[in-house]
Amino acid sequence: MGSLPVRSATSERLSSLRRSAANHLVTTLAILSTVVVLVPLVAILGYLIYKGASSLNLAFFTHVPAPVGQPGGGMANAIVGSGVILGLASLLGIPVGIGAGVYLAEYGQGRLFGNIIRFTADVLNGVPSIVMGMAAYALIVAKQQHFSAFAGGIALAIMMVPTITRTTEEMLATVPHAVREAALGLGIPKWRTVISVSLRTASPGIITGCMLAFARVAGETAPLLFTAFGNQFWSFNLNQPIAALPLQIFVYAVSPYDEWHRLAWAGALVLIAMIMISVTLVRIFANRGALKGGH
Amino acid sequence: MRLKFTVYSHGFNKVAWENAERVPMNKPGSIQLPQTVLSERTQAAEPVVEAIKPPSIVRSFLQSKSSGKVADGTFWGLMIVCALSIFLIVLLILSVLVVNSKLSIHTFGWKFFTSSSWDPNSGDFGALPFIWGTVVSSLLAVCMAVPLALCVSIFLLEICPLWLRGPIAFLTELLAAIPSVIYGLWAIFILVPIMRDNVGPVLQKYLGWTGFFGGSNFGVGMLTASVILAIMIFPVISSISRDVMKAVPIHQREAALALGATRWEMIRMSVLRNARIGIVGSVILGLGRALGETMAVTMVIGNHPDISKSLFAPATTLASVIANEFSEATGDLYLSALIEIGLALFLVTIVVNGIARLLVWAVTRGNTARAA
């Protein structure tokens with residue numbers, strides 16, 4: 001082997017100094033940037049709670065929006081409308097998403113078709129929400145000649161599917177093969193094995209995935225702009241335009257009126273709270289159900 | 001040999017019992033027992049002798065097949081329909097956008113993407129200002145978010161004490177859970193005044209000579225939109241690059257440290273080097289998110305279809321022009337021009353996300369530690 005280059009003691013010292021300086025510099029940078037990132041988060045949440053809480057009152061939950069220039073009014077119809085649209089989206093999106101996830105995990109492992117579906121789901125996940133709204137508009141609203149809650153629900157359902165599919169697949173992949181084999185070995189048909197063994201074992205994770213998807217679409221505004229469209233009054237008809245909380249926040253935020261700005265902050269706080277509460281509630285229920293159901 | 005344990009079940013089905021006797025024992029799927037055994041196994045063990053009501057038509061049909069073949073087939077069919085529907089949804093969106101933008105595609109051709117006039121009154125449409133706005137705001141956002149996200153990922157994985165890792169990771173994930181419209185609301189009332197009164201003048205004073213920070217600064221414009229975009233895509237880049245870095249085997253790190261590397265040298269040589277493809281993937285995913293982001297950008301970018309060198313100037317993006325004008329568009333050509341913009345956005349994000357996913361998969365696939 002060739003001889004190593006001989007280095008003087010001073011250059012050795014310098015190099016070690018330089019190396020440790022670089023090390024300290026990067027450590028400091030990393031810590032600093034973490035602090036920098038946490039600042040907007042705290043600022044957003046803090047300001048939201050401060051402004052929202054000071055603008056909330058009972059009327060917000062019981063009244064429909066007041067006409068321009070009149071004080072008061074609330075978003076009761078928007079809260080209910082959001083619930084209707086999200087309920088519809090969950091009803092359509094969750095079964096399809098779970099079904100596709102089951103296919104990928106239980107039937108499509110290592111197959112070309114499975115890989116194509118997996119890739120498509122990932123790509124669909126990145127499609128901008130406004131394009132979903134546009135597609136739902138062209139498919140449903142343009143055909144029917146009027147905006148509808150139904151079109152909004154479909155747009156959101158499509159956005160839920162890929163997230164649910166991928167988490168369902170990942171969760172099912174964590175179920176040990178021995179458990180499945182035990183069930184099949186007892187002579188249980190495959191479909192029954194999937195439902196009663198695989199899905200049940202993975203259910204907490206799958207429910208979490210569904211809640212993630214739900215939380216993601218709950219705040220979506222863009223797909224609703226030209227599907228659900230918004231409504232100043234009460235509406236429970238799926239075939240009619242319906243109000244939604246994120247839409248209402250958007251309209252009020254870009255308006256020039258202080259009273260509406262106040263309501264927008266209150267709406268934002270309620271929206272975040274609704275998302276958090278529904279996610280927590282379902283988790284508690286799911287945990288209890290899993291404990292009861294598990295033998 | 002007879003199957004003795006069946007008779008302990010409560011809901012003992014005589015027909016099933018006789019079927020079970022007839023089938024050969026070496027076909028595991030053909031035995032009828034487990035359904036009753038499983039559901040009734042907690043019941044007291046007493047043989048039931050009285051006659052049971054006759055099975056329904058469906059049930060006897062299923063039993064005549066002597067196994068769950070039909071049910072299995074149906075179940076498989078249902079699942080594959082669900083899986084196929086994902087594929088069909090993408091095709092459906094694509095076809096519906098193509099069909100509805102046909103008019104604009106025929107009228108303008110490729111000139112649509114190079115012309116910068118947007119005049120609904122005279123029916124002259126070109127998407128260049130929107131493409132410019134989208135590209136510049138997204139790239140700026142990525143430039144701001146990537147260094148921060150990488151630093152935070154390194155901090156969380158390699159430097160942070162273990163007890164602090166969970167809370168900070170949770171907080172950064174929380175950023176991803178805030179709806180776009182709330183970012184927009186916050187940006188209108190907090191970020192815009194800050195950019196107008198504090199950040200803007202400083203930039204103008206020290207960097208005004210570059211020409212990027214010239215003109216009047218209203219607080220609403222390209223720069224503000226990029227900042228809010230950077231905040232929004234940070235969690236995406238950070239969480240995925242963290243996953244990718246986590247996938248680097250621990251002995252790579254140990255080897256570097258054992259050779260006398262400092263912590264930074266270890267991170268640079270073993271972590272970043274091994275994870276670089278996945279990190280690039282995470283950055284592109286962030287870019288994809290920024291390209292399609294609508295509400296927050298629409299609320300602060302100013303919505304003015306102009307190509308300006310100054311970052312203070314108001315601009316428009318592909319997504320925000322759709323959000324602003326789609327429901328008010330009159331005339332078929334106007335509508336179809338907007339849908340063509342949507343189609344372009346759809347195709348671009350599909351390509352960007354496809355590339356990013358492939359890069360991330362290349363690193364994390366086969367890494368069982370992540371799934372467990």
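User: In this predicted model, how much of the contact list of chain B, at a separation of 6 or more, comes from residues 24 or more positions apart?

Analyst: A contact list can be split by how far apart the partners stand in the sequence. For chain B, 75% of the contacts with a separation of 6 or more join residues 24 or more positions apart, and the corresponding share in chain A is 72%.

User: Which pair of residues could I look at to see such a long separation in sequence in chain B?

Analyst: A useful habit is to set the separation in sequence beside the distance in space. B:Leu103 and B:Leu333 are 230 residues apart in sequence, while their C-alpha atoms are 6.5 Å apart in space. B:Leu103 belongs to helix α5 (residues 102-108) of chain B, and, once neighbours within four places in sequence are set aside, its contacts are B:Asp332, B:Leu333 and B:Ser336.

User: Is B:Leu103 buried or partly exposed, and why?

Analyst: The step rests on a count of other C-beta atoms within 10 Å, where 20 or more is needed for a residue to be called buried. B:Leu103 is partly exposed because it has 17 such atoms. B:Ile131, in helix α6 (residues 128-159) of chain B, counts as buried because it has 20 C-beta neighbours inside 10 Å. Apart from neighbours within four places in sequence, B:Ile131 touches B:Phe113 and B:Leu318, whereas the C-alpha atoms of B:Ile131 and B:Val248, which are 117 residues apart along the chain, are separated by 37 Å.

User: How many helices and strands should I expect in each chain, and what share of the residues is buried?

Analyst: Element counts and burial are read chain by chain. Chain B has 15 helices and 2 strands, and 42% of its 372 residues count as buried. Chain A has 10 helices and 0 strands, with 47% of its 295 residues buried.

User: What does the radius of gyration say about chain A?

Analyst: The value is read against a reference for a chain with that number of residues. A compact globule of 295 residues would come out near 19 Å, but chain A has 26 Å; along its principal axes, the C-alpha trace of chain A spans about 85 × 65 × 40 Å.

User: How should I read a single helix, taking α4 of chain A as the case?

Analyst: One begins with the geometry and then asks which side chains are enclosed and by what. Helix α4 of chain A (residues 112-125) has 14 residues and reaches 20 Å from its first C-alpha to its last, close to the 20 Å expected at 1.5 Å a residue. An α-helix has 3.6 residues a turn, so residues three or four places apart point the same way. The buried residues of this helix are A:Ile117, A:Arg118, A:Thr120, A:Ala121, A:Asp122, A:Val123 and A:Leu124. They pack against α3 (76-107) and α6 (149-173) of chain A, and also against α4 and α14 (332-364) of chain B.

User: How many residues does each chain bring to the contact between them, and what classes are found on the side of chain B?

Analyst: An interface is described by its residue totals, by its main contributor and by its composition. Chain B supplies 74 residues and chain A 75. Helix α4 (residues 69-100) gives the most to the side of chain B, with 18 residues. That side of chain B has 53 nonpolar, 17 polar and 4 charged residues.

User: Which residues other than glycine have a positive phi, and where do they lie?

Analyst: The backbone angle is best read together with the residue's place and burial. A:Phe229 has a phi near 75° and lies in the loop between α8 (190-218) and α9 (245-253) of chain A; with 22 C-beta neighbours inside 10 Å, A:Phe229 counts as buried. Another case is B:Asn303, whose phi is near 55°. B:Asn303 is found in the loop between α12 (295-300) and α13 (318-325) of chain B, and is partly exposed, with 19 other C-beta atoms within 10 Å.

User: What confidence does the predictor give to the chains and to the complex?

Analyst: Averages should be read together with the stretches that score low. Chain B averages a pLDDT of 82, with 80% of the residues at 70 or above. Over residues 1-12 of chain B the pLDDT is below 50, and the model has 22 contacts for this stretch beyond near neighbours in sequence. Residues 368-372 of chain B also stay under 50, with 8 contacts beyond four places in sequence. Chain A averages 87, and 94% of its residues score at least 70, although pLDDT stays under 50 over residues 291-295, for which there is 1 contact beyond four places in sequence. For the complex, the predictor gives an ipTM of 0.87 and a pTM of 0.82.

Definitions and conventions
Residues numbered from 1 in each chain as written. Chains lettered and ligands numbered in written order. Contact = placed C-beta atoms within 7 Å. Helix = DSSP H or I, 4+ residues; strand = E, 2+ residues; numbered from the N terminus. Nonpolar A, V, L, I, M, F, W, Y, C, P; charged D, E, K, R; others polar. Buried ≥ 20, exposed ≤ 12 C-beta atoms within 10 Å, placed from the backbone. Rg over C-alpha atoms; globule rule 2.2 N^0.38 Å. Expected span 1.5 Å × (residues − 1). pLDDT = per-residue confidence, 0-100.
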